[in-house]
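Welcome, and thanks for taking a look at this one with us. Please have the sequence and the model at hand as you read the briefing.

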Amino acid sequence: MSNDERTISDGQTRDQPNAAASNSQSTHEPRELAEPGEFASLPKAEFMMPGPDRNRLVGLILDGTKTATAALLLDYTECGDPLPKVGDQSVLVDSDDRGVALLVTTAVDMVRLGDVTDQQAIDEGEGDVTVAEWRRTHESFWNSPDYRAEFADPDFPLDDDTLVVLEHFAIAERL
């Protein structure tokens with residue numbers, strides 16, 4: 001997700017009243033996104049590249065451990081993608097590009113990298129419990145040659161003043 005202090009969510013809470021979050025396990029096969037249907041027009045929520053890392057993150061989302069993500073604001077501006085908004089819906093896809101869950105955005109904040117909190121690290125559910133751990137993990141990815149090669153200026157600065165988009169989400173429906 002392509003995976004930034006202004007508040008985009010205008011102080012809305014993380015609980016989305018219309019989002020029926022579900023923790024129940026689904027025993028049926030995930031839907032193919034290519035099928036016509038109510039979710040075909042929704043954007044995909046893709047975490048990492050297809051493979052073991054995506055599978056791990058999808059599993060963390062499905063079991064309720066991962067309820068947040070982060071991306072550099074530059075990721076959105078460079079790609080021309082709109083910033084997420086509270087209430088946005090997307091289809092979480094697995095490594096086979098199959099829809100496995102409908103996600104709803106419950107909060108979005110844009111903050112300086114230096115202002116990210118321990119709570120964000122915990123909410124991302126990937127094992128980091130302090131912002132220092134979270135920052136090491138994310139900076140390692142954001143400084144990787146493969147990631148930086150995607151930008152017009154791969155030498156962009158990454159420091160405390162870099163803007164990061166923090167998005168929280170809930171499962172509205174398992175597919």
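What follows is a short tour of a helix, the nonpolar cores and the aromatic rings.

Please keep in mind that this is a predicted model. The tour starts at helix α1, which spans residues 52–62, and then moves to the largest nonpolar core, a set of 14 residues. It ends with the aromatic pairs, of which a search of the whole structure finds five.

**Helix α1 and its surroundings**

- Arg54, Leu57, Val58, Leu60 and Ile61 are the buried residues in α1. They lie on the same side of the helix, because the arc they cover around the axis is only 160 degrees.
- As general background, an α-helix has 3.6 residues a turn, so residues three or four places apart point the same way.
- The cover over the buried residues of α1 includes β5 (89–93), β6 (98–112) and β7 (163–174).
- After α1 comes Gly64, with a positive phi near 85 degrees.

**Thr69 in strand β4**

- Thr69 belongs to strand β4, residues 68–72.
- Is Thr69 buried or exposed? Thr69 counts as buried, because its relative accessibility is 5%, and the cut-off for buried is under 20%.
- Thr69 and Val108 are 39 residues apart along the chain, and their C-alpha atoms are separated by 9.8 Å.

**Nonpolar cores**

- Within the largest nonpolar core, the residues that touch the most other members are Leu72, Leu113, Trp134, Trp142 and Val164. Two or more residues of this core come from each of β4, α4 (131–142) and β7.
- Neighbours within four places in sequence aside, Leu113 has contacts that include Trp134, Trp142, Leu158 and Val164. Also in contact with Leu113 are Arg135, Glu139, Asp159, Asp160 and Thr162.
- There is a second, separate core of twelve residues, with Phe47, Leu92, Leu103 and Ile171 among them.
- In soluble globular proteins, nonpolar side chains tend to be buried together.

**Aromatic rings**

- One of the five aromatic pairs joins Trp134 and Trp142 edge-to-face, at 6.0 Å centre to centre and with 80 degrees between the planes.
- Trp134 counts as buried because its relative accessibility is 0%. Trp142 counts as buried too, because its value is 2%.
- Which residues do ring pairs link into a cluster? They are Phe141, Tyr147, Phe151 and Phe156.
- Phe156 also has a charged partner: the charged end of Arg148 sits over its ring, 3.8 Å from the ring centre.

Key:
Residues are numbered from 1 along each chain as its sequence is written. This is a predicted model: local features need pLDDT of at least 70, side-chain atom pairs count only at pLDDT 80 or more; totals for chains, interfaces and linings use all residues. Side-chain values use heavy atoms; hydrogens and water are left out. Buried means under 20% relative accessible area, exposed over 50%, partly exposed in between (1.4 Å probe, protein chains only). Helices (H or I, at least four residues) and strands (E, at least two) are DSSP runs, numbered from the N terminus. The arc is that of the directions from the helix axis to the C-beta atoms. Contact means heavy atoms within 4.5 Å. A nonpolar core is a set of buried Ala, Val, Leu, Ile, Met, Phe, Trp, Tyr and Cys residues joined through side-chain atoms within 4.5 Å. Rings of Phe, Tyr and Trp (its six-membered ring) pair if their centres lie within 6.5 Å; planes under 30 degrees apart count as stacked, over 60 as edge-to-face and the rest as tilted. A charge sits over a ring if NZ of Lys or CZ of Arg is within 6 Å of the ring centre and within 35 degrees of the ring normal.
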